[in-house]
Each structure stands twice: as C-alpha cells, then as structure tokens.
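The following exercises are to be worked with the sequence and the structure side by side. Each task is followed by a solution in steps.

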Amino acid sequence: MILIGTPVWAFDYCSAIRTFVTQGTRNIKNRLFCCHEGAKGKTFDHLQNVLSDNTIIGEMDFLNVQKHKKKIKESTELGSEPERQVIKFF
Ligand SMILES: Cc1cc2nc3c(=O)[nH]c(=O)nc-3n(C[C@H](O)[C@H](O)[C@H](O)COP(=O)(O)O)c2cc1C
C-alpha cells in the first residue's frame, strides 16, 4: 500500500506528486490525502484518473494545516478526536 499526500496547488495535486503518479504504477493499493486552504478542487478526481490502473482505498483532506499546526499537534499529543480520525483512516 502507498500513502500519497499532496498540498493542493491551483485546485490540483502538486508537481512533485505528478512526477510520481505518472510513473505508470499498476495494481497498487493507495490511500490519498491532501492539505488545502478551503479549495481542494478536483485533486482527488484527478489522482483517481491518473491512478486508474491501481486501487484507491481511502481519501482524506486536511483544511488549514499551517494555520492550525499548533492546535493539531496539541490535539494529537492529547490523543483527541483528530488523532483518532487519522489513526482510523490509516
Ligand atoms: C502555489 C500554491 C497554490 C495553492 N493553491 C491552492 C488551491 O488551489 N486551493 C487551496 O485550498 N489551497 C491552495 N494553496 C495552499 C496550500 O494547499 C497550502 O499551503 C498547503 O496545503 C499547506 O502545505 P505546505 O505547508 O506544504 O504548503 C496553494 C499554495 C501554493 C503555494
């Protein structure tokens, strides 16, 4: 299984991830995640298209990671809901 994560750039996945996903992988299970500032656009749709020879087994997006970095870190250390959601997803 591969976890593929990307910041959203211009409503899409970033160029480094584009380089990776266009390598032509087949029959690999992928979980997708992205971080964004409220406009993830068609990021997951485009990743699903380019990974069509593979299996997508989960997607999750994270809003405003930079702005809430401290809060997210504290929440994770306390083992609160965001951490449980991440663990459940992965
Ligand atoms: C060139 C560029 C384009 C971006 N485009 C979007 C966008 O279309 N929608 C959005 O919600 N956030 C957009 N963002 C915000 C990023 O998604 C956000 O900075 C990122 O999720 C945080 O991760 P980072 O610390 O790796 O930048 C953009 C950021 C950059 C630098």
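**Exercise 1.** In which loop does asparagine 64 lie? Determine also whether asparagine 64 is buried or exposed.

*Solution.* The model is a predicted one.

Step 1. Asparagine 64 belongs to the loop between β4 and α3, the latter being residues 69–77.

Step 2. The relative accessible area of asparagine 64 is 15%. Buried means under 20%, so asparagine 64 is classed as buried.

Step 3. If residues up to four places away in sequence are set aside, asparagine 64 touches His36 and Glu37.

**Exercise 2.** Establish the sequence of secondary structure elements and the arrangement of the sheet.

*Solution.*

Step 1. The chain contains four helices and four strands. Along the sequence they follow the pattern β-β-α-β-α-β-α-α.

Step 2. The four strands form an open sheet of mixed pairing, in the order β2-β1-β3-β4. Its edge strands are β2 (12–13) and β4 (55–63), each of which pairs on one side only.

Step 3. In general, strands of a sheet pair through backbone hydrogen bonds, either parallel or antiparallel. Strand β1 (residues 2–9) runs antiparallel to β2, and two bridges join them. Tryptophan 9 has aspartate 12 in β2 as its bridge partner.

**Exercise 3.** How many salt bridges are there? Locate each one and classify the accessibility of its residues.

*Solution.*

Step 1. Side chains of opposite charge can pair when their charged atoms come close. With a limit of 4 Å between nitrogen and carboxyl oxygen, the count is three salt bridges.

Step 2. Aspartate 12 pairs with arginine 18, and their closest N and O atoms are 3.8 Å apart. Aspartate 12 has a relative accessibility of 15% and is therefore buried. Arginine 18, at 35%, is partly exposed.

Step 3. Aspartate 53 forms a salt bridge with arginine 26, at 3.7 Å from N to O. This pair links distant parts of the chain, 27 residues apart: aspartate 53 is in the loop between α2 (43–50) and β4, whereas arginine 26 is in the loop between α1 (15–21) and β3 (29–36). Aspartate 53 is partly exposed at 41% relative accessibility. Arginine 26 stands at 57%, and exposed means over 50%, so arginine 26 counts as exposed.

Step 4. Lysine 40 and aspartate 61 meet through their side chains in a salt bridge of 3.9 Å, N to O. This pair also links distant parts of the chain, with the two positions 21 residues apart: lysine 40 is in the loop between β3 and α2, and aspartate 61 is in strand β4. Lysine 40 has a relative accessible area of 30% and is therefore partly exposed. Aspartate 61, at 31% relative accessibility, is likewise partly exposed.

**Exercise 4.** Describe the chain as a whole in terms of burial, contacts and surface.

*Solution.*

Step 1. Of the 90 residues in the chain, 26% are buried.

Step 2. Consider contacts between residues at least 6 apart in sequence: 75% of these join residues at least 24 apart.

Step 3. The chain has an accessible surface of about 6200 Å². Carbon and sulfur atoms account for 55% of that surface.

Note on methods. Residues numbered from 1 in each chain as written. Predicted model: local features only at pLDDT ≥ 70, side-chain atom pairs only at ≥ 80, totals over all residues. Heavy atoms only, no water. Pairing = 2+ DSSP bridges. Buried < 20%, exposed > 50% of the residue type's maximum accessible area, 1.4 Å probe, protein only. Contact = heavy atoms within 4.5 Å. Areas by Shrake-Rupley, 256 points an atom, 1.4 Å probe, with all protein chains shown as cover.
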